[in-house]
Amino acid sequence: MSRHFLAATLSLACLVSAPAFAQAGKVYPSEKRVMTDAVTGRQLILLTNGTVSDAKMYPTDQQWAFDGKHIVFRSGSRAGDGKGEIFAIDEASGTIVQLTDGPGVYLTSIMVSRQANEVFYLRKAADNRLSLYRIALTPLLADAEAGKVSPKGYETLVATLPQGFILAGGFTLDSDGTTAYVGFDQIEAPPRPQGQPVPQVPGGLLAVDLKTGATRTVVKTDFRVGHVQANPFKPGEILYCNETGGDAPQRMWIVNADGSNNRPVFPEAATDWVTHEQFADADHVIFNLMGHTASLRERPTGIMVVDLRDGTVENLGQVPVKSVVGSDRTGPNSFWHNGVTYDGRFAAGDDFDGDVWLIDRRSGAHTLLTTGHVMKPDHAHPSFSPDGTRLLIQSGLLTQGKKLSLIIIPLN
């Protein structure tokens, strides 16, 4: 994919792909309430009530807005238009504000800025061209609260991606706020048969200059790219994975923004099942070495932290083996996804039973926080608040796995 300078085409792109704004800024009343976990006795703060299905951002991504007050989330049905939109909820009051409106919003490709009170997202236009937009949160939320939302909207077009671009693996923002990195397929993939691995086609990473809209190819791969994420502390370093939908022969990869030093992270043995990687700090990646079958448990498994500079690995432990009576599982329990505080103090994990655990990295203690979050219609995906005092999860608990609710778990 050659370099494309898009500034000259932005005006035309605005005409063919500009989103509607009729409901952007719409305010929804608070659904917030408190309940107690039936097993652990811990307080749970329900932010959304399960009437519609609301999903948090993926755990590799920033959950809280730059203002530290709002959590950005996504919903395919809350707006009532059947198209799927982005929302922000005031954690203190529970008030919800709709951020986008209209068709084509990619709910799996949303990024919250770490440098300003902004949200970036991808939208597909009627001509199937993908564009990257920036939402100015501060004026939008202020005007929504005042009941004086601008009909002009609060978005700006950042870039329109090259013609024929095939999105794969989402996108991420560099820690210096200058560049987005977007995963792509080099060719159209065949449909994924139900219950089968993700079809493998060659992929790669595209860099998008957030100031000019210029794009360039970072790297091309011989496999489908997934879970694209930039180092939150070190500019120009991008983590990505071989996305198979299951056990890849070599899951984790990292590359510099100029395409150099493309290399595996944690070279895998044939019996390793690696998944759900994310940065633990500037120099470490946390991931799950899965242990949900008896054969996998023949070797040490659990939540792992690998040093990107020297390759050393720390094992944060695994959930206990327990009975599968009453469970959908047919093998041992295992951590599935993880979260981490960047100061090195805590990690968190959800397991196959929908329980959420806190791990003290200093003492090694594992604490069961909350139970029974069903892991349907999606997984709990724990993420820490910026100050490390709360966990955000999504849960099917209230609806027996039919719809997701957003839940805060205080850790103090």
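Biologist: Which strand gives the largest share of the lining of the largest cavity?
Modeller: That would be β16, which contributes three residues. Keep in mind that this is a predicted model.

Biologist: Okay! And which other elements help line that cavity?
Modeller: Two or more residues each come from β8, β12, β16 and β20.

Biologist: How many residues line the largest cavity, and which lie nearest its centre?
Modeller: The lining has 17 residues, and Thr60, Met111, Arg114, Thr172 and Ala230 are the ones nearest the centre. By class, the lining splits into eight nonpolar, six polar and three charged residues.

Biologist: How much space is in there?
Modeller: About 150 Å³.

Biologist: How many cavities of 30 Å³ or more does a search of the whole structure find?
Modeller: Three. The second largest cavity has a volume of about 60 Å³.

Biologist: What lines that second one?
Modeller: Here is the list for the second largest cavity: Thr271, Asp272, Trp273, Leu289, Met290, Ser295, Leu296, Arg299, Pro300 and Thr301. Five of these lining residues are nonpolar, three are polar and two are charged.

Biologist: Let's switch to pockets. What is the volume of the largest pocket?
Modeller: The largest pocket holds about 1,000 Å³ of space. Its lining is made of 39 residues, and the closest to the centre are Tyr58, Gly169, Gly226, His227 and Glu243.

Biologist: Which elements give two or more residues to the lining of the largest pocket?
Modeller: They are β8 (105–112), β12 (166–173), β16 (225–230), β20 (274–281) and β24 (335–340). Of the elements, β8 gives the most, with six residues.

Biologist: So β8 turns up again?
Modeller: Yes, β8 gives two or more residues to the lining of the largest cavity, and β8 also gives six to the lining of the largest pocket.

Biologist: What classes of residue line the largest pocket?
Modeller: There are 16 nonpolar, 15 polar and eight charged residues in that lining.

Biologist: And the second largest pocket, what is its volume?
Modeller: The second largest pocket comes out at about 470 Å³. It is lined by 26 residues, and Val340, Tyr342, Phe384, Ser385 and Pro386 are the closest to its centre.

Biologist: Which elements give two or more residues to the lining of the second largest pocket?
Modeller: Those are β24 and β28 (383–384).

Biologist: Last one: how do the residues of that lining divide by class?
Modeller: The lining of the second largest pocket has 11 nonpolar, 11 polar and four charged residues.

Terms used:
Residues are numbered from 1 along each chain as its sequence is written. This is a predicted model: local features need pLDDT of at least 70, side-chain atom pairs count only at pLDDT 80 or more; totals for chains, interfaces and linings use all residues. Side-chain values use heavy atoms; hydrogens and water are left out. On a 1 Å grid over the protein atoms alone, a cavity is a set of points where a 1.4 Å probe fits but cannot get out, and a pocket is an open set with protein on both sides within 12 Å along at least five of seven lines; lining residues have an atom within 4 Å of a point. Grid points are joined across faces, edges and corners, and a volume is the space filled by probe spheres set on the points. Helices (H or I, at least four residues) and strands (E, at least two) are DSSP runs, numbered from the N terminus. Ala, Val, Leu, Ile, Met, Phe, Trp, Tyr, Cys and Pro count as nonpolar, Asp, Glu, Lys and Arg as charged, and the others, Gly among them, as polar.
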